[in-house]
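Here are a few exercises on sheets and the helices that lie across them. Grab a pencil and work through each one before reading its solution.

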Amino acid sequence: DRIMARLEHLNVTVSDPDATAAMLVELFDWRVRWQGAAIHGGRSVHVGGADSYLAVYAGLGEQVAAGNSYARRGGLNHIGVVVDDLVAVEERVKALGYEPVNHADYEPGQRFYFREENGIEIEVVSYG
């Protein structure tokens with residue numbers, strides 16, 4: 001028998017969950033699904049759509065930079081977001097001061113990447 005499974009959420013540490021959530025809402029027309037107290041005295045904001053979300057978290061105390069995720073076992077290399085209008089989202093990315101890079105047309109779509117202030121790389125992709 002086959003089991004149905006889907007990715008529901010990712011949880012990443014950021015410096016300011018409210019600011020990161022606001023950026024994601026602005027770029028992708030997402031909504032805040034939940035926000036509140038979290039593990040280790042921290043705060044989380046869950047931002048996304050009806051079926052999946054990104055949990056952005058900050059704990060108490062000092063944070064350290066993640067470094068090169070591609071060289072760290074368990075590193076979060078990037079977050080991929082599918083959009084229906086790549087050009088419009090790229091304009092939003094630029095308007096917020098981020099630099100779109102590594103544009104590519106590939107089978108089956110188009111993409112670009114940008115890195116936000118926490119060092120998280122986001123891939124924006126459109127199929128079709």
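For what follows, two strands count as paired if DSSP finds at least two bridges between them. Keep in mind that this is a predicted model.

**Exercise 1.** Work out the strand order of the sheet that contains β1, and name its edge strands.

*Solution.* Start with the order: four strands make an open sheet that reads β1-β4-β3-β2, with mixed pairing. Next, look for strands that pair on one side only: these are β1 (9-13) and β2 (31-38), the edges. Neighbouring strands here are turned by 20 degrees against each other on average, direction ignored.

**Exercise 2.** Describe how β3 and β4 pair, and find the partner of Gly-48.

*Solution.* β3 (residues 42-48) and β4 (residues 53-58) run antiparallel, joined by six bridges. Now go to Gly-48: its bridge partner in β4 is Tyr-53. To finish the picture, add helix α1 (residues 17-28), which lies across β2, β3 and β4 and runs at about 5 degrees to β3.

**Exercise 3.** Explain why β5 and β6 each have a side without a neighbour in the sheet.

*Solution.* First, the order: this open sheet of four strands goes β5-β8-β7-β6, again with mixed pairing. β5 (79-82) and β6 (101-106) sit at its edges with a single partner strand each, so one side of each lacks a neighbour in the sheet. From one strand to the next, the twist averages 20 degrees.

**Exercise 4.** Which residue in β8 stands opposite Arg-111, and which strands does helix α2 lie across?

*Solution.* Seven bridges pair β7 (residues 109-115) with β8 (residues 121-127) in the antiparallel sense. Opposite Arg-111 you'll find Val-125. As for α2 (residues 86-95), that helix lies across β6, β7 and β8, at about 10 degrees to β7.

Note on methods:
Residues numbered from 1 in each chain as written. Predicted model: local features only at pLDDT ≥ 70, side-chain atom pairs only at ≥ 80, totals over all residues. Heavy atoms only, no water. Helix = DSSP H or I, 4+ residues; strand = E, 2+ residues; numbered from the N terminus. Axes fitted to C-alpha atoms, helices over the stretch in contact; angles between N-to-C directions. Contact = heavy atoms within 4.5 Å.
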